[in-house]
Amino acid sequence: MINIEVNNRQVQAKENEMLLVTLRREGIHVPTMCHLEDLSPSGACRLCVVEVAGHPNLVPSCSFPVYPDMKVQTHSPRALKARKTIIELLLSNHPDDCLYCERNNTCQLRLMAEEMGVRARRFRGEKNNFHKDISSPSIVRDPAKCVLCGKCVRICEEVQAVAAIDFTGRGSQAQVGPAFNEGLNVSSCVNCGQCIRVCPTGALVEHSHLAEVEMALNDPEMIVVAQHAPAISVTLAELFGDKPGRDVNGALVTLLRKLGFDRVFDTSFSADLTIMEEGSELVHRIKNGGVLPMMTTCSPGWIKYVEQTFPDLLPNLSTCRSPQQMLGALIKSFYAEREGIDPSKIYSVSIMPCTAKKFEAERPEFSRDGLADVDAVLTTRELAQLARRRGLNLADMEPEVADNPLGSRSTAGKLFGGSGGVMEAALRSAFFLLTGRNLDELKVQAVRGLDGVKEATIDIDGLMVNVAVVSGLENARVLLEEVRAGRKDLHFIEVMTCPGGCINGGGQPIETDIEAVKARMKLLYQIDRDESVRLSHENKAVQQVYQEFLGEPLSELSHKLLHTHYDPREVLK
Amino acid sequence: MSAPLTDIQPILDRYPNASRDALIPLLQDVQEVQGFISKETVVSIGKHLNLPASKIYGVATFYNQFRFQPLGRYHVQICRGTACHVKGSATIFETLKRELGIEAGETARDGQFSLEVVACLGACGLAPLICVNGKFHGNVTGDSVRKILRAYRKEAKKEATNE
Amino acid sequence: MSKHENPRGAANMSPDDKARLCRESVDKPVIYIGTGTCGLGAGAGEALAVIEEFLEGRNDDVAIIQVGCIGLCAMEPMLDIQLPGKTRLCFGNVTEDKVVGILEPMLSGGLPEQAPLFQFNGAGQTPWSDVIGIDEHPFFAPQTRWVLKNCGLIDPGSIDEYYARGGYEALNAVIHGMTPAETCDAVEQSGLRGRGGGGFPAGRKWKFALNTAAEQKYLICNADEGDPGAFMDRAVIEGDPHRLVEGMAIAAYGIGATKGIVYLRAEYPLAIERLEVALAQAREHGLLGQNIQDSGFDLDIKIKKGAGAFVCGEETALIHSVEGKRGMPRPRPPFPAVRGAFGCPTIINNVETLTNLPELLANGADWFAAVGTETSKGTKVFALSGKITNTGLVEVAMGTKLHDVIYSIGGGIPDGKKFKAVQIGGPSGGCITVDYLDIAIDYESLKTLGAMMGSGGLVVMDEDNCMVDVAKFFMDFIQRESCGKCIPCREGTRRMLEILESITRSRRNEDKNMALERFQGVVNLEELAEVIKDTSLCGLGQSAPNPVLSTLRYFRDEYEAHIYERTCPAGVCTELLHYSIDAEACTGCTVCAKKCPTDAIMGAPKSPHYIVQDKCIACGNCLTVCRFDAVSTK
């Protein structure tokens with residue numbers, strides 16, 4: 001530890017750490033727009049500049065290592081003026097449409113302008129005339145609002161190994177976009193939406209489905225059905241002012257009903273169903289020498305990534321559809337039949353922590369007779385907005401129970417919301433499928449937690465099953481390269497596109513930070529600890545659906561409704 | 001007009017097992033033979049170097065040297081260095097634009113002339129200066145530029161009738 | 001000449017060979033023609049063709065040697081002739097039409113009608129009478145030529161000629177007689193500072209790299225020369241490429257690098273070609289490669305062609321470019337000397353710094369430090385251009401008066417015009433006015449005047465140059481060359497340019513808030529300049545406002561004339577000019593009327609035209625299209 005002086009006060013700092021880290025630890029606020037935790041500093045925005053005695057220029061605290069006895073002024077008039085001017089410069093090249101901007105309440109640029117006290121338009125001049133890209137089913141890109149902080153570029157490349165976008169051009173004509181400024185839809189973008197989450201402005205937002213959903217909700221002919229993903233109930237309260245760490249499963253059901261949804265189902269149900277199908281598939285592959293390691297297919301960003309980057313490993317993907325698509329298919333088949341509803345009169349909406357699910361819902365594989373299995377996908381953020389529009393506050397909702405049978409779940413299905421959850425649920429049921437017994441200890445500690453790469457070996461009565469769990473596609477890429485190079489020991493790999501899983505998905509609240517993700521994960525584990533039905537194969541509703549409709553896992557009807565196959569995909573990459 | 005592009009595989013073969021630092025030389029070599037950088041080029045180089053297309057496009061658009069459209073038969077470069085500027089290259093530039101009917105960075109529709117502004121050709125002793133297909137023309141005036149262009153037009157015409 | 005007589009240099013070369021290779025004695029007439037880029041641009045290629053044609057028709061045994069540029073660009077194409085026993089004579093402006101007039105009498109042993117510029121010195125040679133020596137020539141006499149020593153004299157394609165003039169002796173002495181640390185010490189003691197702009201002591205920088213343990217280190221020569229108005233790197237590489245190879249080898253040895261990269265502008269094809277030849281020769285002679293001259297030292301040097309980005313003069317941007325990335329600077333630390341190219345310790349020096357090394361190491365640190373000022377040692381090469389009689393490349397001792405460079409060497413301002421300012425240091429530098437021409441040039445003195453050494457471009461401006469226009473020119477350059485990474489430079493330089501544009505825009509073309517922008521202009525320019533300097537990520541941004549600040553400092557009245565009186569005193573800013581047609585000169589060709597976008601020009605064909613002032617938008621079209629100089633501005 002060394003001593004430095006900040007704003008005339010002695011402060012302890014770790015040797016060689018960046019000044020910004022020290023300041024944050026001390027609770028001294030210095031604004032920044034381009035800083036990303038855990039990645040090397042970019043130094044692009046210059047907003048974190050501070051005055052350091054003996055240095056002729058202001059220094060950027062994000063990329064300036066501390067040294068003993070340095071004297072720092074973080075809010076000197078000179079530093080404040082520089083920051084304010086930088087914001088004014090950004091505003092001079094920014095569309096003046098805050099009133100219409102999706103990010104108006106979460107826009108860092110607007111908030112910083114407020115913080116700096118920008119009250120006049122000091123610089124006028126030409127603004128860049130860039131075109132909006134609405135080609136992607138998941139993400140809308142508006143380069144005119146981009147401040148070139150580069151966070152999206154770095155997330156996309158360094159965390160997700162996709163690199164669909166980069167800086168193009170130079171100087172004032174620089175922008176962020178795919179190669180040849182093509183649409184995102186033909187690029188290698190996997191629609192994960194991590195870029196949206198780090199974007200400080202409205203330059204990257206989700207492709208909203210709110211209008212369509214509103215239309216359906218107002219159509220008296222339509223039965224509007226909702227399903228909500230495991231990660232939604234552990235997150236949603238944050239968008240209504242709660243601190244991370246409150247589960248609102250029951251209130252969420254009530255909220256959806258009050259919004260006008262005729263039925264409310266739970267994607268965790270189809271997660272249990274996925275375990276039945278995928279677990280059976282895994283057992284089948286192990287017993288019959290099928291392609292191993294088998295890889296999960298719950299995460300649509302990941303699937304597209306394999307299609308375009310590792311097409312040779314497509315046979316390793318499980319043939320199971322994702323829980324969203326399984327439930328979508330069941331709603332318009334099993335449920336419609338059972339209730340005597342014309343499937344074309346069902347409007348199926350899923351609430352997802354994910355933007356890639358919008359892309360997945362539009363895949364041609366997932367519609368039958370011209371009817372999409374899932375008609376619209378709302379992100380966590382969009383759901384909160386819909387609620388605000390109706391003046392509904394989550395806190396006022398008396399908890400209710402979801403509709404049956406597609407609304408009942410085990411806690412194993414719920415675990416799907418975090419990295420390792422699919423694996424844990426699958427191992428519990430695979431053990432049962434292979435041995436007829438349940439594990440003594442259901443909790444599989446080795447696959448829990450936020451680590452990007454987790455590996456474990458499970459002894460299933462002498463059969464040693466080797467599994468790996470990765471989240472974040474860069475981690476997946478490394479593992480896949482190993483498999484491609486001939487790594488043979490693994491049986492089963494769980495991949496979630498977003499780091500930490502769906503609780504950190506691209507459709508989650510913009511404000512999400514590492515602490516929030518930890519809290520959400522903790523909630524999932526708490527639910528699993530506290531409830532009694534903890535095994536997918538013990539979910540009564542799942543058993544009922546097999547009895548009444550599907551027959552058994554991997555049955556012909558299952559194959560038709562719950563499985564699919566994927567082909568190599570050509571993209572501009 | 002659009003001749004089939006030369007195969008770039010031989011160029012790629014000159015860089016076996018190359019890594020990213022070969023990107024700019026590769027782009028330069030390809031542009032040398034093809035005249036510009038095409039989408040196909042970007043994809044093939046990407047496969048060769050195992051680099052995403054977005055990165056290659058990002059690099060190519062960063063540097064002045066790379067073009068995404070074919071050049072005209074005569075590539076006119078006007079030096080806009082300091083020495084040329086103080087000796088009146090702004091007026092020369094205006095004259096060129098007017099005579100050729102194109103803006104900087106454009107190629108005339110008949111494919112005869114392209115006009116490019118370069119930061120400095122490094123022959124400041126000859127300012128103001130233009131360069132056509134690698135040949136320097138120093139100490140130019142509005143009139144001499146017109147004369148130079150006329151000569152190239154004539155040459156092109158002659159070649160056309162001979163063909 | 002390609003077969004090498006002596007791989008170890010001139011040390012054990014026979015005096016005869018040495019004399020022959022140094023051209024102290026020639027056995028037949030030799031014609032030297034400068035075919036550097038400048039020379040070729042001025043017509044040396046055509047002249048050469050005429051020479052060859054002329055000689056073909058005769059039976060004389062004459063050698064033709066293509067040499068680099070001696071630096072007097074204003075006199076290009078330049079041709080030297082050396083007859084056996086006589087000193088070498090230099091002729092200027094030898095365009096193709098003048099070749100025969102010179103060759104004919106010369107090859108018969110007499111002086112031609114066109115007077116030679118000067119004669120070279122030559123031991124044991126008979127000088128020509130009535131011809132001044134190079135030491136008496138006003139352009140060369142005040143110079144101290146260390147870096148440019150061989151330029152224009154030797155055949156750049158011959159390693160033996162370089163040997164004969166002492167080439168590679170310094171390298172041999174260093175790798176056999178000094179440790180890397182001693183080499184760094186010598187360079188540090190000499191006081192050599194980076195010639196690329198920053199002026200950081202070269203030896204001290206080297207030591208950072210030397211003292212960083214690493215498996216691999218890189219030496220990069222920055223030959224990108226992005227400064228508009230500077231061309232010394234090109235001339236040195238074209239004229240004396242082995243000097244750079246030797247300098248790089250010494251530097252690489254000093255820091256412990258085994259890989260060298262020359263980052264050379266793609267716009268300099270001739271320099272690339274000549275350097276490639278030199279590198280191949282050096283490899284063949286065992287001056288590059290494994291175990292150089294049995295010293296155990298390994299080095300290879302490769303050329304990377306720059307793809308055109310001024311910002312790549314910044315070290316971290318250059319490294320990114322070498323690595324195949326966008327040339328965007330990154331924050332420092334870590335400094336390249338510790339973590340540079342491919343993560344390895346990397347030293348980047350520019351061409352002039354490196355080409356100083358052979359002389360420095362051959363003669364010792366004390367010899368080097370004896371020339372110059374207190375803080376700046378040695379010489380500096382300047383590229384003289386703009387409104388000056390002797391445009392060209394000059395090398396003077398540090399501490400030389402700026403006045404001497406412009407008036408003695410440069411020959412003053414042509415056409416009897418008045419000197420206004422000299423711009424030094426390119427887009428990062430500033431202007432120096434007549435009041436300060438007496439300063440002794442060094443890094444510090446220039447800084448106190450708001451300019452900087454930069455790479456040494458000296459662009460002279462006379463009374464016909466508008467300083468607001470010059471500031472606008474640099475701002476336009478900088479904002480186009482800004483990499484776009486950091487906000488103050490990307491957005492700020494653009495806004496500064498727009499303010500300058502509003503200042504030079506005619507009232508007629510102003511709309512909305514432009515008049516307000518104009519009135520607030522100077523204040524906003526100064527405020528923006530301060531923030532851009534204070535917060536930008538790299539040197540390009542931090543120095544971007546300098547041209548504006550410097551012109552504001554010395555020529556505020558010109559700004560005010562533009563802003564308040566709406567006139568351009570120098571008559572450059574077209575929109576602020578008042579256009580009229582001289583009825584005497586006008587032939588009534590109607591071209592101007594046709595090109596006028598607002599139909600402001602009236603007149604019948606073949607009779608004088610006139611401009612309707614109310615309609616004129618001062619676009620300047622008529623001025624550019626008129627071939628009879630009939631359009632005037634005031």
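Quick bit of vocabulary before we start: two strands pair if DSSP finds at least two bridges between them. Helices and strands here are DSSP runs numbered from the N terminus, with helices being H or I of at least four residues and strands being E of at least two.

Okay, what we have up is a predicted model, where local features need pLDDT of at least 70, side-chain atom pairs count only at pLDDT 80 or more, and totals for chains, interfaces and linings use all residues. Residues are numbered from 1 along each chain as its sequence is written, while chains are lettered from A and ligands numbered from 1 in the order in which they are written.

Let's begin with chain C. There's an open sheet of five strands, ordered S2-S1-S3-S4-S5, and the pairing is mixed. At the edges you find S2 (63–67) and S5 (118–119), each with a single partner strand, so one side of each has no neighbour in the sheet. Further in, S3 (residues 79–82) and S4 (residues 88–91) of chain C pair antiparallel over four bridges, and there you can spot Gln82(C) opposite Arg88(C).

Now the other sheet in chain C. This open one has four strands, in the order S8-S7-S6-S9, with parallel pairing. Its edges are S8 (300–306) and S9 (346–350), and since each has a single partner strand, one side of each is left without a neighbour in the sheet. From one strand to the next, the twist averages 20 degrees; for angles, axes are lines fitted to C-alpha atoms, for helices over the stretch in contact, and values run from 0 to 180 degrees between N-to-C directions.

Six bridges hold S6 (residues 218–223) of chain C to S7 (residues 259–265) of chain C, running parallel, and Cys221(C) sits opposite Val262(C). Lying across S7 and S8 of chain C is helix H11 (residues 269–284), at about 170 degrees to S8(C).

On to chain B. A domain assignment, automatic or from a database, sets the bounds: domain 1 is 9–62 and domain 2 is 74–162. Their C-alpha centres are 29 Å apart.

So who touches whom? Contact means C-beta atoms, placed from the backbone, within 7 Å. Chain B puts 39 residues against 45 of chain C. Helices of chain B that each supply at least two residues to that side include H2 (23–34) and H7 (142–162).

Finally, chain A meets chain B through 14 residues from A and twelve from B.

Methods:
Contact = placed C-beta atoms within 7 Å.
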